[in-house]
Amino acid sequence: MFDTLTESFTSAIRKIRFHDDEKALTKALGELKKALLKADVHHKVVKDLIDSVELQVKQNGIGKDQFLDALRTSLYDLLKVKGNSGFVYAPQSPTVILMTGLQGSGKTTTTGKLANYLKIRQKKKVLVVAADLQRLAAVEQLRQVCAGIEVELYSDEATKNPVDVVKGALEYAQKILVDVVLIDTAGRLAIDDELMSELSEVKRAANPHEIFYVADSLAGQDAVRTAESFNEKIGIDGVILTKYDGDSRGGVALGIASQIQVPLRFIGAGEKMEDLEIFLPDRIVNRLMGLGDIEGLAEKTASIIDEKKAKQLTKKIKKGEFNFNDFLEQMESLKKMGSMKSIMGMIPGMGGMASALKDFDLENSGELKKIKALVSSMTMKEREDPELLNNSRKARLAMGCGLNIVDVNRILKQFKNASKMAKRFSGKKGMQDLQNMMGQMQGNRIPR
Ligand SMILES: Nc1nc2c(ncn2[C@@H]2O[C@H](COP(=O)(O)OP(=O)(O)O)[C@@H](O)[C@H]2O)c(=O)[nH]1
Ligand SMILES: [Mg+2]
């Protein structure tokens, strides 16, 4: 997700090779500055960051470690502004959140993503409220989003006034005891008085715990300016940057919090409901520095993979009993984690692989479809015992699933390799093996 920024940091750090080499430091800082400006970080933010790194390095002596430490603290200071991080619950349920932003910024999509995040990863009961009555299709769009993630929607066709909808929704939320109420509001193409007065009224009626501003990262520094006016006019508690997947520069994420002094809370990087990342400064700093985010990955996995099932699976793998049903199930759970690219960035040293996997989409991958077709053509016995598959059975499967025998053999071989790998990594030396393997791939990691 932060490929471009991470590359800039990594390459600047590589410039510093020797101790007390002031020339190298100047060069590294110069390169960093250029790269950040190119990434669309605001020039004032760049200057502050560079000055802060330089000052710290000079205080502690020039060297790679000092540079790394200085960069880490300066980045952290830049991202950590006063305010909440992640999702914060009100002392008393329900926590009411108002989603605001310009039209097309991604409010409705993000409302769905956030509801999905709270439901799946935090096990909360969520009510989504359709308070965008400006566009005819808006309620219907939200209804579809909610149906897709199986979250309840509150809407009221009988009124054209969002204030009435919000009042009704809050009463209903008390009745059915929900943890979180997310209110999707109307936006305009640009800020105008009508929008602001409608929002103020909705705000008064909702009395929200927090107001999130949804900003389109493709708008670059314009997004920052609009966020600033929303903050002045109605007050915002957090920013959610959307469409980050399409923003090859990515610098807005670095500067926005310090520019408007409101924390960045989440980042949307894709059109799917899973494509929402929590933005926690200390974790993001690690990712920016190419160190991955094991904690985030573990959280993501934990919410999707059932712990008991995972243990059973490990046992099976160790015994060499990993079969096609397990294989399919693993593929399905991977799908729920969102795009491959977003996962790779969280694995230490794998950030650089992310761009290579940009277009690898498990859900629509032809390979996955082939695998599924093949497995569905197998008998239950064959699924449980891959060893049964002799040549005549393979020929029958090929006919049954419409693949040629070359494909069938290739998939079966892949499966064999996968189960061998899994067995190797599940053993005592597994972690060591995995680390060795990653070490070999770590072209992009910051050398220490
Ligand atoms: N690629 C990408 N598209 C997004 C993202 N968030 C929203 N969109 C798309 O942006 C468009 C506008 O989103 P919508 O939620 O309707 O915006 P709203 O008018 O603010 O409610 C839709 O086509 C969404 O699919 C994102 O993070 N990545
Ligand atoms: Mg909308």
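How many residues surround ligand 1, and which are the closest? In this predicted model, the count is 18, and the closest are Gly-106, Lys-107, Thr-108, Thr-109 and Gly-268. Helix α5, residues 107-120, supplies the largest share of that shell, with three residues. As for chemistry, the shell around ligand 1 splits into 12 polar residues, five charged ones and just one nonpolar.

Now step back to the sheet. Strands of a sheet pair through backbone hydrogen bonds, either parallel or antiparallel. Here you're looking at an open sheet of eight strands with mixed pairing, and reading across gives the order β3-β2-β4-β1-β5-β6-β7-β8. The edges are β3 (152-154) and β8 (276-278), each of which pairs on one side only. Ignoring direction, neighbouring strands in this sheet are turned by 25° against each other on average.

Take a look at the β3 end. Strand β2, residues 126-131, runs parallel to β3, and three bridges join the two. There you'll find Val-129 standing opposite Tyr-154 of β3.

Then come the helices on the sheet. The α5 helix, which we met at the ligand, packs on the sheet and touches β1 (95-100), β2, β4 (180-185), β5 (210-216), β6 (238-242), β7 (264-268) and β8. Its direction makes about 170° with that of β4. Helix α10 (residues 252-260) packs on the sheet too, touching β6 and β7, and its direction makes about 155° with that of β7.

Definitions and conventions. Residues numbered from 1 in each chain as written. Chains lettered and ligands numbered in written order. Predicted model: local features only at pLDDT ≥ 70, side-chain atom pairs only at ≥ 80, totals over all residues. Near = placed C-beta within 6 Å. Helix = DSSP H or I, 4+ residues; strand = E, 2+ residues; numbered from the N terminus. Nonpolar A, V, L, I, M, F, W, Y, C, P; charged D, E, K, R; others polar. Pairing = 2+ DSSP bridges. Axes fitted to C-alpha atoms, helices over the stretch in contact; angles between N-to-C directions. Contact = placed C-beta atoms within 7 Å.
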